Amino acid sequence: MAELDLLGSILSSMERPPAAADGETRRRAREQAARVKKLQEQEKRQKVEFRKRMEQEVSQFIQASGEPRRRFQPMNKIERSILHDVAEVAGLTSFSFGDDEDSRYVMVFKKEFAPSDEELDAYRRGEEWDPALAEERRRLRELAAQQEEAELERGTAPPGPPNDYKDKYRHLIGSDAAKAAARTMEANKAYGCVPVANKRDTRSIEEAMNEIRAKKRLRQAEDEGGGWGGPRGALGVMGGWGGGAAPLGVFNSGGE
């Protein structure tokens, strides 16, 4: 029985022969890989054909003397990258415009007609470029700059927020600041003015410490009733006679 159990465990651990389902799975995998490869080759051919077509259109654009720029139809990201590469190889300048991915397009410019920043801004806003309108705007800007310069020469500042912090906070700090606001300080005699020489302590450290110790010993002696100035001074002695008058000799011990 033990030998049969060992044989059964060995047979169960061995791999089973491939079934028909495994062969079907491998066949589907091969077909899918073949389809992917076919799609990749087809996409590659489409890219090559699109590049050739863009090269022909760019060549025609270069030969057209009266066309400084050309706008192409909206393209996807891959096609736009191919067109940008073709334009760079041809020595042209190209830009992409459009907010949405589906509506983005490419414009190609000749080198001698390179767009200005104003023209690019107009295309980015979705507007058509009008050179006459742009020239009028430029003239108005120059006129405004000349008027501002003339006002500065006359001394009248143009309307607008102050650029200097002193002008901005004049209502808080006044018109004077820094050295202009400095004033000579004078002593107020109403509060007394003690000369510096009188404030200077000429004692040494040892003398000052000895004086402090002497005052401390005097206070201790007064607290113990050894002097007339403490709690048990003259009034305490008078109280010790029963509340009546003290003998005359107590106050006249020194004689007349």
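What is the relative accessible area of Glu55, and is this residue buried, partly exposed or exposed? In this predicted model, Glu55 is partly exposed, with a relative accessible area of 39%. Its salt-bridge partner is Arg51, with the closest N and O atoms 3.4 Å apart, and Arg51 is likewise partly exposed, at 27%.

**Overall picture**

The protein contains 11 helices and three strands, which follow one another along the sequence as α-α-β-α-β-β-α-α-α-α-α-α-α-α. Of its 256 residues, 12% count as buried, and the exposed surface amounts to about 21,600 Å², of which carbon and sulfur atoms supply 53%. Among contacts between residues at least 6 apart in sequence, 43% join residues at least 24 apart.

The mean pLDDT is 75, and 61% of the residues reach 70 or more. Over residues 227–256 pLDDT stays under 50, and for this stretch the model has 16 contacts beyond four places in sequence. Where pLDDT is low, the predicted coordinates should not be read in detail.

**Salt bridges**

The whole structure holds 16 salt bridges, and three of them are set out below.

| Pair | Closest N to O distance | Relative accessible areas |
|---|---|---|
| Glu24 and Arg28 | 3.5 Å | Glu24 30%, Arg28 53% |
| Glu55 and Arg51 | 3.4 Å | Glu55 39%, Arg51 27% |
| Glu119 and Arg69 | 3.2 Å | Glu119 5%, Arg69 28% |

Glu24 and Arg28 both lie in helix H2, which spans residues 20–63, and are four residues apart, about one turn of the helix; Glu55 and Arg51, also both in H2, have that spacing of four residues as well. An α-helix has 3.6 residues a turn, so residues three or four places apart point the same way. Glu24 and Arg28 also belong, together with Arg27 and Glu31, to a network of salt bridges.

The side chains of Glu119 and Arg69 meet in a salt bridge of 3.2 Å, and this pair links distant parts of the chain, since Glu119 lies in helix H4 and Arg69 in strand S1, 50 residues apart. Glu119 counts as buried at 5% relative accessibility, whereas Arg69 is partly exposed at 28%.

**Helix H4 and its surroundings**

Helix H4 covers residues 117–124, and its buried residues are Glu119, Leu120, Ala122 and Tyr123. Seen down the axis of H4, these buried residues fall within an arc of 155°, so they line one face of the helix. They pack against strand S1 (69–71), strand S2 (93–97) and strand S3 (105–109). H4 is followed by Gly126, which has a positive phi near 80°.

Definitions and conventions
Residues are numbered from 1 along each chain as its sequence is written. Side-chain values use heavy atoms; hydrogens and water are left out. Buried means under 20% relative accessible area, exposed over 50%, partly exposed in between (1.4 Å probe, protein chains only). Helices (H or I, at least four residues) and strands (E, at least two) are DSSP runs, numbered from the N terminus. The arc is that of the directions from the helix axis to the C-beta atoms. Contact means heavy atoms within 4.5 Å. pLDDT is the predictor's confidence in each residue, from 0 to 100. Accessible areas come from the Shrake-Rupley method with a 1.4 Å probe; for residues, only the protein chains shown count as cover. A salt bridge is a side-chain nitrogen of Lys or Arg within 4 Å of a carboxyl oxygen of Asp or Glu.
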